[in-house]
Amino acid sequence: MIKKRSFIIFIISIVFMSALFIINQQRMKGQASTQVPKQLLTAADPELWVISDNHFYADELFEDSEKFRQFEATSVGKDIRYTSQVLTAFVKKALKEKPDGIVLTGDTTLNGEKQSLEQMTEIFKPLKAAGIPVFAIPGNHDIYNGWARKFTNQQQITTHQISPGDFRLAFSDGYNLSHSEDKHSLSYAVDLENYRLLFLDSNIYADRFSKIEPITSGEFKEKTLEWIESSLKEAKVLKKTPILFMHHNLLAHNEKVTKGFVLNNATRVLSLVKQYEVPLAVTGHIHLQNIMQSRDNPNFYEITSSSFSTAGNQIGHLQLLNNQMKYEVEAFDPREYFDSLALENPYLKEYPSYLEEKYRQVGKDLATNILVQSDIENAEKLADMVGEANLRYFTGNNQLTEAEKDQIRNDPNYAMLKKSVPRLWQSIEHSIEDTNIPNNRSITIDLP
Ligand SMILES: [Fe+2]
């Protein structure tokens with residue numbers, strides 16, 4: 001009898017302990033889930049903010065030395081000095097205006113420095129508390145990049161690189177909200193009410209610490225392509241509109257800049273795009289603000305974003321409505337969010353013009369190098385013209401009125417460039433006329 005009673009007590013204790021364990025597990029799961037903002041998943045008409053190629057560079061990685069200034073001069077119009085001030089301003093703006101989510105389409109760090117990732121994660125922290133998830137995918141500069149550098153004591157030294165695990169952990173929001181992850185890359189998929197967002201890792205990187213430069217080109221592994229296809233197939237069954245977010249481009253936005261920029265196996269992806277009726281891809285890498293409609297498949301559009309750390313500090317606003325998608329890019333002026341100390345810095349005080357001048361200079365330097373070889377008169381004026389064109393083109397401000405176009409085309413320097421340096425003349429043409437989608441700053445795409 002006693003034995004029987006002890007046995008019953010033993011069973012009751014086991015059941016009680018198990019129940020306690022399950023309740024505790026559920027409570028922990030609940031706690032974990034509150035750390036991941038889930039509002040977006042059920043939001044009606046969600047708005048995502050897209051920034052690309054922000055190339056964040058941690059404050060502690062550089063000093064104002066000659067070595068750093070030489071390195072800075074090779075940044076092709078990017079600001080790499082004030083990325084923390086500008087990203088902090090961006091976060092303040094997001095906390096005020098509350099988008100449903102933020103998307104980073106790669107090259108989140110300058111050259112894959114672990115310290116840059118750590119500081120960026122700190123800056124993004126208030127977003128989590130405010131329920132704004134960050135969806136990031138790596139770019140070709142982010143993972144195991146042999147160029148990861150620190151400037152100290154007038155020297156340039158190597159610094160810790162970002163591993164795939166570091167990236168996944170730093171940008172855990174997206175992975176935690178995803179219903180499926182690719183086992184062969186850092187790709188994942190997130191379902192909204194009417195949409196399936198595919199965040200795709202299109203980069204080629206080593207599987208350990210690297211001593212070489214990052215690989216510019218990108219491609220999906222065979223297994224990743226299989227995962228993408230099965231996700232698109234499922235989206236079709238679930239009647240969810242798929243959108244691709246990735247670093248490399250699927251379409252050639254500039255015929256001269258395709259190698260390394262258009263994905264190596266873009267043709268394979270574009271056939272999936274057609275088969276599964278994907279209406280939109282949002283990409284980066286080329287640092288160009290551009291909207292393009294596929295010539296082979298007019299139902300497919302690709303938006304490439306300019307680099308967030310170049311002129312305009314541009315933010316793409318992507319609204320996902322029931323029957324259409326609306327996109328509009330905004331030139332963000334971070335000065336509204338700078339503190340008084342930052343505004344004492346003359347460069348930050350005039351930040352938008354400081355960045356614009358950087359882009360003009362890139363165009364001018366390129367033109368000057370070519371014009372010097374051609375021994376042309378009036379080289380300085382011609383270089384200025386190319387500098388202005390460079391700024392218009394990369395920021396997507398290349399939809400001009402007929403009067404503005406005439407003014408440029410009637411300039412004697414325009415005729416001179418056309419006759420003597422067709423290559424530079426073409427860059428002017430690209431900056432005043434886009435024969436694909438002329439408006440590179442906004443679009444509304446109706447869904448079938
Ligand atoms: Fe980039």
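Angles of 65 to 115 degrees between helix directions count as roughly perpendicular. In the predicted model described here, this criterion applies to helix α13, formed by residues 379–394, and helix α15, formed by residues 412–420, whose axes come within 10 Å and cross at roughly 90 degrees. Helices α13 and α15 are therefore roughly perpendicular to each other. The contact brings K381, L382 and M385 of α13 against N413, M416 and L417 of α15. Sorted by class, the residues in this contact of α13 with α15 are four nonpolar, one polar and one charged.

The protein chain is divided into two domains: domain 1 spans residues 36–331, and domain 2 combines residues 350–394 with residues 399–430. A distance of 30 Å separates the C-alpha centres of domain 1 and domain 2. Nine residues from domain 1 and seven residues from domain 2 take part in the contact between them. On the side of domain 1 that touches domain 2, three residues are nonpolar, five are polar and one is charged.

Two annotations from an unreviewed UniProt entry may be set beside this division. According to that record, residues 49–287 carry the annotation "domain: Calcineurin-like phosphoesterase". In the model, the span 49–287 is 32% helix and 18% strand, and its end C-alpha atoms lie 17 Å apart. The UniProt record, again unreviewed, assigns residues 344–427 the annotation "domain: Cyclic nucleotide phosphodiesterase C-terminal". For residues 344–427 the content is 80% helix and 0% strand, with the end C-alpha atoms 37 Å apart.

The strands considered next belong to two open sheets. One open sheet contains seven strands in the order β6-β7-β8-β9-β10-β12-β11, and its pairing is mixed. Its edges are occupied by β6, residues 180–181, and β11, residues 290–293, each of which pairs on one side only. Against this sheet packs helix α8, residues 222–237, which touches β6, β7 (188–191), β8 (195–200) and β9 (241–246). The direction of α8 makes about 170 degrees with that of β8.

At the β6 edge, the strands follow one another through hairpins. Strands β6 and β7 are antiparallel and paired over two bridges, with S180 having A189 of β7 as its bridge partner. Six residues make up the connection of the hairpin that joins β6 to β7. Strand β7 in turn runs antiparallel to β8, to which four bridges join it. Here A189 stands opposite L198 in β8. Residue A189 thus appears in both pairings, as the bridge partner of S180 and opposite L198. The hairpin joining β7 to β8 passes through three residues. At the other edge, β11 pairs with strand β12, residues 301–304, in the antiparallel sense over four bridges. The bridge partner of Q293 in β12 is Y301.

The other open sheet has six strands, arranged in the order β3-β2-β1-β13-β14-β15, and its pairing is also mixed. Strands β3, residues 134–137, and β15, residues 442–446, are the edge strands, each pairing on one side only. From one strand to the next, the twist of this sheet averages 20 degrees.

Within the six-stranded sheet, both parallel and antiparallel pairings can be followed from strand to strand. At the β3 edge, strand β2, residues 101–105, pairs with β3 in the parallel sense over four bridges. In this pairing, T105 has I137 of β3 as its bridge partner. Strand β1, residues 47–51, runs antiparallel to strand β13, residues 315–320, and four bridges join the two. Residue V50 is matched there with G316 of β13 as its bridge partner. Strand β13 also pairs with strand β14, residues 324–330, in the antiparallel sense and over six bridges. In this pairing L320 stands opposite M325 of β14. The two strands β13 and β14 form a hairpin, with three residues between them.

Notes
Residues are numbered from 1 along each chain as its sequence is written. This is a predicted model: local features need pLDDT of at least 70, side-chain atom pairs count only at pLDDT 80 or more; totals for chains, interfaces and linings use all residues. Axes are lines fitted to C-alpha atoms, for helices over the stretch in contact, and angles run from 0 to 180 degrees between N-to-C directions. Angles under 35 degrees count as roughly parallel, over 145 as roughly antiparallel, 65 to 115 as roughly perpendicular and the rest as oblique. Ala, Val, Leu, Ile, Met, Phe, Trp, Tyr, Cys and Pro count as nonpolar, Asp, Glu, Lys and Arg as charged, and the others, Gly among them, as polar. Two strands pair if DSSP finds at least two bridges between them. Domain bounds come from an automatic or database domain assignment. UniProt positions are given in the numbering used here, feature names are shortened, and annotations may be inferred rather than shown by experiment.
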